[in-house]
Number of protein chains: 2
Amino acid sequence: MTTASTSAPRWLSDEEQRVWRAYLHATTLLEDHFDRQLQRDAGMPHTYYGLLVQLSQAPRRRMRMTELARNAKITRSRLSHAIARLEKNGWVRREDCPSDKRGQNAVLTDDGLDMLRRSAPGHVEAVRQAMFDRLTDEQVRSLGEIMRTLATGLEPEGADADLPWLR
Amino acid sequence: MTTASTSAPRWLSDEEQRVWRAYLHATTLLEDHFDRQLQRDAGMPHTYYGLLVQLSQAPRRRMRMTELARNAKITRSRLSHAIARLEKNGWVRREDCPSDKRGQNAVLTDDGLDMLRRSAPGHVEAVRQAMFDRLTDEQVRSLGEIMRTLATGLEPEGADADLPWLR
DNA sequence: GACCTTTTCTTGAAAGTTGAACTAGATAGA
DNA sequence: TCTATCTAGTTCAACTTTCAAGAAAAGGTC
């Protein structure tokens, strides 16, 4: 009897349960915290803000939709809706891709860049206050390594991976 | 010139940026991963599943709404909607609180407990595979400490805190 | 070229979340 | 008591996300 479906579950140890719970609590609170900070100061949820940041750092302030979805770790559908909303705000515009007629580029507008410049200081301060100011250098280093490991684990090389931006 | 609004922003260092990015990537992918696993195997999002788990561990399998919201780190509004949905599924029912006529208890039903027993092994396995199997014991220990620190930082003692379950 | 499959992106409806407004009951002070 | 305030929980509308379906172009094979 060695099949996964019938073998005895390897329950979490007490410490693992505590760590898992702490992980869920911290990530939920952090997400809520930044969503509120950015909704208040920039008029959009954290995810949307992240898209503008990505675009601002891309060559010529533009990026293909799927590429942007991959960077943000979200589905293309979600991205389509998000870009539509940001377009309404005048912070992004769409542009046909010259080399592939199916493709679209999302382009950060000047207004979008302005909005980013205005809100960036406050957001960085919020990130510092909630995360980096509370951790030792060693903890920051360790957190980075852990998070890279976990992210990599969920993005396997093979074509069998169920990745949001390919759904 | 020392006021927060006008002092030079303390931008993130390169390493801090990498850590922050890795954090966002990993947490986004993990959330997506568990939401899908549970939607597939238990017919509900991760947050809802967490509520059933909380109830299953509470005395007499019941809990006051605000208390449950506090444990889950979510707003009471969100919880109201969630419980309404779980009630439709027959996994939870509401009950008037005897000692406070404004209060409601959310009670895990027998059906709810069954559903939890059926899906728990698969979920634990998913958590192991995505998180604990990939980290060393030392990393698990470190992650726990980091997450407890961050969660605590966002739940200050004072009455000035903007906590989801008090909104 | 004709045909089939894959890739890119969008759409519309259903499900979930947020924020503000609201009801009802508890609490505290004059 | 009377009244003002606070707390518990729900509801509605607006917004966001998911899922399934679909249009259009690209790529591969014969």
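Visitor: Which helices each supply at least two residues of the surface near DNA strand C?
Guide: Keep in mind that this is a predicted model. Both protein chains take part here, with helix 4 (76-88) of chain B on the list. Chain A brings helix 1 (14-42), helix 3 (65-72) and helix 4 (76-88).

Visitor: And which helix gives the most to the surface near DNA strand C?
Guide: Let's look at who sits around the strand: 28 residues surround DNA strand C, and the closest are A:Thr66, A:Ser77, A:Ser80, A:Gly103 and B:Lys101. By class, that surface has 6 nonpolar, 11 polar and 11 charged residues. The top giver, with 5 residues, is helix 4 of chain B.

Visitor: Now for the two protein chains: how many residues of helix 1 of chain B are on the side that touches chain A?
Guide: The contact takes 45 residues from chain A and 46 residues from chain B. On the chain B side, helix 1 (14-42), helix 5 (110-130) and helix 6 (137-153) each give two or more residues. Helix 1 gives the most, and its share is 15 residues.

Visitor: What classes of residue make up the side of chain B that touches chain A?
Guide: Sort that side by class and you get three groups. Charged residues number 10, polar ones 10, and nonpolar ones 26.

Visitor: How are the two copies related?
Guide: Chain B superposes on chain A with an RMSD of 0.0 Å, after a rotation of 180° with 0.0 Å of shift along its axis. So the copies are related as by a two-fold rotation axis.

Visitor: Why do we say the copies meet through the same surface?
Guide: Compare the interface residues of chain B with those of chain A. The copies meet through the same surface because the share of chain B's interface residues that are also interface residues in chain A is 98%.

Technical notes: Residues numbered from 1 in each chain as written. Chains lettered and ligands numbered in written order. Predicted model: local features only at pLDDT ≥ 70, side-chain atom pairs only at ≥ 80, totals over all residues. Contact = placed C-beta atoms within 7 Å. Helix = DSSP H or I, 4+ residues; strand = E, 2+ residues; numbered from the N terminus. Nonpolar A, V, L, I, M, F, W, Y, C, P; charged D, E, K, R; others polar. Near = placed C-beta within 6 Å. Least-squares fit on C-alpha atoms with pLDDT ≥ 70 in both.
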